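Q: Got a minute to walk through this one with me? I'd like to start with the ligand and then go over the fold.

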Amino acid sequence: MLNSSYLIRKMTKQDLDEVMIIEIESFTMPWSRESYEAELENQYASYLVCDYAGEVAAYAGMWSVYEEAHITNVAVGKEFRCQGMGRNLMLEEEKLARAKKAERILLEVRPSNSAALAMYQGLGFIPTSIRKQYYSNNQEDALIMTKYLDKV
Ligand SMILES: CC(C)(COP(=O)(O)OP(=O)(O)OC[C@H]1O[C@@H](n2cnc3c(N)ncnc32)[C@H](O)[C@@H]1OP(=O)(O)O)[C@@H](O)C(=O)NCCC(=O)NCCS
């Protein structure tokens, strides 16, 4: 997908230095580089980046297994936030999920993450359950949000 200023394309191993910079600035429990390397080999995973003039500005990942897709992560570099990259990455992942005949997309989010919550709600995700004390760094619950693709 080509936006006026950036391209959304598949993540490659060459992107991982820049992905890790955004990962570390975005999450209190960042994934390791090795996790991303393994994900790029995972046949059920779809990882995308926003490429802004050759620079990785944002990325998102999803697992898609039969009728269920699961967003594993989405993060936008601090200087690129609030310009629609997060939403557009999510919409591209949704297209991939639909192409794989997924019926729903799930994700976990911290109830304290107001920016992500607002983005997911705006995209049609609804709260469907809670995983108690999911986040080990502060025992925060995870809110599970779901988007039902057959209804939209
Ligand atoms: C959450 C995140 C991915 C949003 O990406 P983004 O590119 O800045 O978001 P977008 O510009 O696409 O905005 C989409 C919607 O999200 C909401 N949103 C984004 N940033 C927001 C903020 N700081 N406060 C409130 N709402 C916000 C708005 O509803 C926005 O819609 P609008 O532009 O019509 O108002 C980004 O803030 C981020 O990387 N955060 C750190 C990592 C993270 O928390 N990932 C999610 C883990 S579950």
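A: Sure. Keep in mind that this is a predicted model. By class, the shell around the ligand holds 10 nonpolar, seven polar and two charged residues.

Q: Which residues come nearest to the ligand?

A: Of the 19 residues around the ligand, the nearest are R81, G86, R87, A115 and M119. Strand 4 (68–76), helix 3 (85–99) and helix 4 (114–122) are the elements that give two or more residues to that shell.

Q: And which element gives the most?

A: Helix 4, with six residues in the shell around the ligand.

Q: OK, on to the sheet. What is the strand order?

A: The order is 1-2-3-4-5-7-6, in an open sheet of seven strands with mixed pairing. Strand 1 (7–10) and strand 6 (126–135) are the edge strands, each pairing on one side only. On average, neighbouring strands of this sheet are turned by 25 degrees against each other, direction ignored.

Q: Remind me, what holds paired strands together in general?

A: Backbone hydrogen bonds, in either a parallel or an antiparallel arrangement.

Q: Then take strand 4 and strand 5: parallel or antiparallel, and over how many bridges?

A: Parallel, with three bridges joining strand 4 to strand 5 (residues 104–109). Across that pairing, H70 stands opposite L106 of strand 5.

Q: What sort of unit do those two strands make with helix 3?

A: Strand 4, helix 3 and strand 5 form a β-α-β unit, and it is right-handed.

Q: Which strands does helix 3 lie across?

A: Helix 3 lies across strand 1, strand 2 (45–52), strand 3, strand 4 and strand 5. Relative to strand 3, helix 3 runs at about 30 degrees.

Q: What does strand 5 do with strand 7?

A: Strand 5 pairs with strand 7 (residues 140–148) in the antiparallel sense, over six bridges. One pair to look at there is L107, whose bridge partner in strand 7 is M145.

Q: And strand 6 with strand 7, how many bridges?

A: Six bridges, again in the antiparallel sense. In strand 7, I144 is the residue that S129 stands opposite.

Q: While we're on strand 6, is Q133 buried or exposed?

A: Q133, which is found in strand 6, is exposed because there are 11 other C-beta atoms within 10 Å, and the cut-off for exposed is 12 or fewer. Not counting residues up to four places away in sequence, Q133 touches Q139 and D141.

Q: Back to strand 3. How does it pair with strand 4?

A: Strand 3 and strand 4 are antiparallel, paired over eight bridges. A58, for one, has V76 as its bridge partner in strand 4.

Q: Where is A58, and why does it count as buried?

A: A58 sits in strand 3 (residues 55–65). It counts as buried because it has 25 C-beta neighbours inside 10 Å, and the threshold for buried is 20 or more.

Q: What is A58 in contact with, sequence neighbours aside?

A: Leaving out neighbours within four places in sequence, the contacts of A58 are V49, C50, A75, V76, G77, F80, M85, G86 and L89. G86 also appears among the residues that come nearest to the ligand.

Q: How far is A58 from I8?

A: 9.2 Å in space, C-alpha to C-alpha, with their positions 50 residues apart in sequence.

Q: Changing topic to backbone torsions. Which residue takes a positive phi in the hairpin of strand 3 and strand 4?

A: Y66, with phi near 50 degrees. That hairpin has two residues between the strands.

Q: And what is the phi of A53?

A: Near 50 degrees, a positive value in a residue other than glycine. A53 is in the loop between strand 2 and strand 3.

Q: Is A53 buried or exposed?

A: Exposed, because A53 has 8 C-beta neighbours inside 10 Å.

Q: Last one, C82. Where does it lie, and what is its phi?

A: C82 lies in the loop between strand 4 and helix 3. Its phi is positive, about 60 degrees, although C82 is not a glycine. C82 is exposed, with 8 other C-beta atoms within 10 Å.

Terms used
Residues are numbered from 1 along each chain as its sequence is written. This is a predicted model: local features need pLDDT of at least 70, side-chain atom pairs count only at pLDDT 80 or more; totals for chains, interfaces and linings use all residues. A residue is near a molecule or strand if its C-beta atom, placed from the backbone, lies within 6 Å of it. Helices (H or I, at least four residues) and strands (E, at least two) are DSSP runs, numbered from the N terminus. Ala, Val, Leu, Ile, Met, Phe, Trp, Tyr, Cys and Pro count as nonpolar, Asp, Glu, Lys and Arg as charged, and the others, Gly among them, as polar. Two residues are in contact if their C-beta atoms, placed from the backbone, lie within 7 Å. Two strands pair if DSSP finds at least two bridges between them. A crossover is right-handed if, with the strands pointing away from the viewer, the path from the first strand over the helix to the second runs clockwise. Axes are lines fitted to C-alpha atoms, for helices over the stretch in contact, and angles run from 0 to 180 degrees between N-to-C directions.
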